[in-house]
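Let's take a friendly walk through a protein model. Have a look at the sequence and the 3D view, then read on.

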Amino acid sequence: FAPFAQALRAAHDARRRNVGRLRAAGVTILAGSDAPAAGLFPGVGLHVELEKLVEAGLTPGEALRAATVDNARFLAGPDADFGEIAPGKRADLLLVDGDPLARIGDTMRIAHVVLDGVVLERRPPAPAS
């Protein structure tokens with residue numbers, strides 16, 4: 001197990017360095033943790049990915065743009081109707097309790113979810129039976 005764990009750590013460090021190098025070279029970095037991969041779960045996986053992007057040298061604002069406006073422009077072009085808060089855009093967003101521009105981990109402190117302009121009611125999970 002030790003050689004496997006060592007290889008994983010080395011690969012992680014290499015990925016972090018490569019993200020930093022790509023950013024320094026002006027390459028647009030996109031968040032994409034929703035792709036199926038072992039150990040990655042859509043939703044929470046994106047929050048973890050944002051933290052990893054900041055660890056790799058992106059600012060919290062750059063990491064948020066990688067998951068929002070930059071991703072929208074990549075997927076749908078410069079006139080994408082999602083990815084930013086602006087008139088004429090989709091009204092889908094998360095409101096968080098905190099400041100993710102100062103602490104990227106605050107993205108996990110979700111206070112409200114807005115879908116198509118409607119604030120969704122969040123309920124605690126039902127107790128396990």
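## The strands

Start with β1 and β2 (residues 110–115): these strands run antiparallel and are joined by 4 bridges. If you want to find a spot where they match up, look for Leu-93, whose bridge partner in β2 is Val-114. Keep in mind as you look around that this is a predicted model.

Zoom out a little and you'll see an open sheet of 3 strands, in the order β1-β2-β3, with antiparallel pairing. Which strands stand at the edges? They are β1 (93–96) and β3 (118–120), and each has a single partner strand, so one side of each is left without a neighbour in the sheet. From one strand to the next, the twist averages 30°. As for what links strands in general, they pair through backbone hydrogen bonds, either parallel or antiparallel.

## The nonpolar core

Now hunt for the largest nonpolar core, which has 8 residues: Ile-29, Ala-31, Leu-50, Leu-53, Leu-58, Ala-63, Ala-66 and Ile-104. Two helices, α2 (44–55) and α3 (60–67), each supply at least two residues of this core.

Leu-50 is a good one to click on. Setting aside its neighbours within four places in sequence, Leu-50 is in contact with Ala-63, Leu-64, Ala-67, Ile-104 and Thr-107.

## The largest pocket

Finally, there's empty space to explore. The largest pocket has a volume of about 1200 Å³. It is lined by 36 residues, and the closest to its centre are Leu-46, Ala-67, Thr-68, Asp-92 and Leu-94.

Which elements give two or more residues to this lining? They are α2, α3, α4 (69–76), β1 and β2.

Key
Residues numbered from 1 in each chain as written. Predicted model: local features only at pLDDT ≥ 70, side-chain atom pairs only at ≥ 80, totals over all residues. Heavy atoms only, no water. Pairing = 2+ DSSP bridges. Axes fitted to C-alpha atoms, helices over the stretch in contact; angles between N-to-C directions. Core = buried A, V, L, I, M, F, W, Y, C linked by side-chain atoms within 4.5 Å. Buried < 20%, exposed > 50% of the residue type's maximum accessible area, 1.4 Å probe, protein only. Contact = heavy atoms within 4.5 Å. 1 Å grid on protein atoms, 1.4 Å probe; cavity = no way out; pocket = protein on both sides within 12 Å on 5 of 7 lines; lining within 4 Å. Points joined across faces, edges and corners; volume = space filled by probe spheres on them.
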